[in-house]
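Grab a pencil and try these short exercises. Each one has a solution that goes step by step.

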Amino acid sequence: MIKTYLTIVVCLFLIACDQQSGSEKGKTGMAIVNDTIPPMRSDVKTGAVANYSEPVPDKDKLNNWKFSVDAFETNQTFKYLLKIQYKELRVEDTLTVPNFGIEPKVLLNKGSENLTCIIGFAGKEGEFKEYKKVHVEDGELKITNIKGYRRTLSKKQ
């Protein structure tokens with residue numbers, strides 16, 4: 001009886017350890033062998049490192065409205081300041097790019113709908129990794145996460 005009970009407990013424990021938590025589902029990861037990127041920047045660029053802009057339709061054609069997203073470096077290597085504009089609304093947000101052992105490069109691409117910008121970064125192969133979406137929905141500005149990323153550290157043997 002005790003042997004059966006212990007077998008069931010061990011099996012349940014192994015199954016539970018193999019499950020991903022709800023916050024990790026849908027995340028992709030990369031293994032980092034050497035973490036060589038310093039956490040602080042020695043030289044912070046003052047201008048935008050990436051920008052996206054498109055005009056906002058105006059039925060009266062009296063305004064020069066735009067939808068735009070600009071990304072600026074901060075003193076922290078993997079943090080960026082986002083300046084977002086929609087019509088006369090101007091907001092700021094921060095973007096934290098995951099440290100995959102390469103210099104981060106923020107990229108801003110047009111989304112599939114009008115007034116949509118996909119915020120991402122360049123992966124190790126230079127590919128675009130989608131991260132967040134800035135869009136206008138029913139006249140409201142929204143920022144949503146598209147994907148989550150995580151990293152694992154391993155030592156070189």
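Two strands pair if DSSP finds at least two bridges between them. Strands (E, at least two residues) are DSSP runs, numbered from the N terminus. This is a predicted model, where local features need pLDDT of at least 70, side-chain atom pairs count only at pLDDT 80 or more, and totals for chains, interfaces and linings use all residues. Residues are numbered from 1 along each chain as its sequence is written, and side-chain values use heavy atoms, with hydrogens and water left out.

**Exercise 1.** Work out how E7 and E8 pair.

*Solution.* Start with the ranges: E7 covers residues 116–122 and E8 covers residues 128–137. Next, the sense: they are antiparallel, with seven bridges. Now pick one bridge: Ala122 has Phe128 as its partner in E8. Last, the turn: five residues sit between the strands of this hairpin, and Gly126 there has a positive phi of about 85°.

**Exercise 2.** Carry on from E8 to E9.

*Solution.* E9 spans residues 140–145 and runs antiparallel to E8, joined by six bridges. One pair to find is Val136 with Leu141 in E9. This hairpin has two residues between its strands, and Asp138 takes a positive phi near 55°.

**Exercise 3.** Describe the lining of the largest cavity.

*Solution.* First, the term: on a 1 Å grid over the protein atoms alone, a cavity is a set of points where a 1.4 Å probe fits but cannot get out, and lining residues have an atom within 4 Å of a point. Then list some: Val97, Phe100, Glu103, Lys105 and Ala122 are among the lining residues.

Terms used. 1 Å grid on protein atoms, 1.4 Å probe; cavity = no way out; pocket = protein on both sides within 12 Å on 5 of 7 lines; lining within 4 Å. Helix = DSSP H or I, 4+ residues; strand = E, 2+ residues; numbered from the N terminus.
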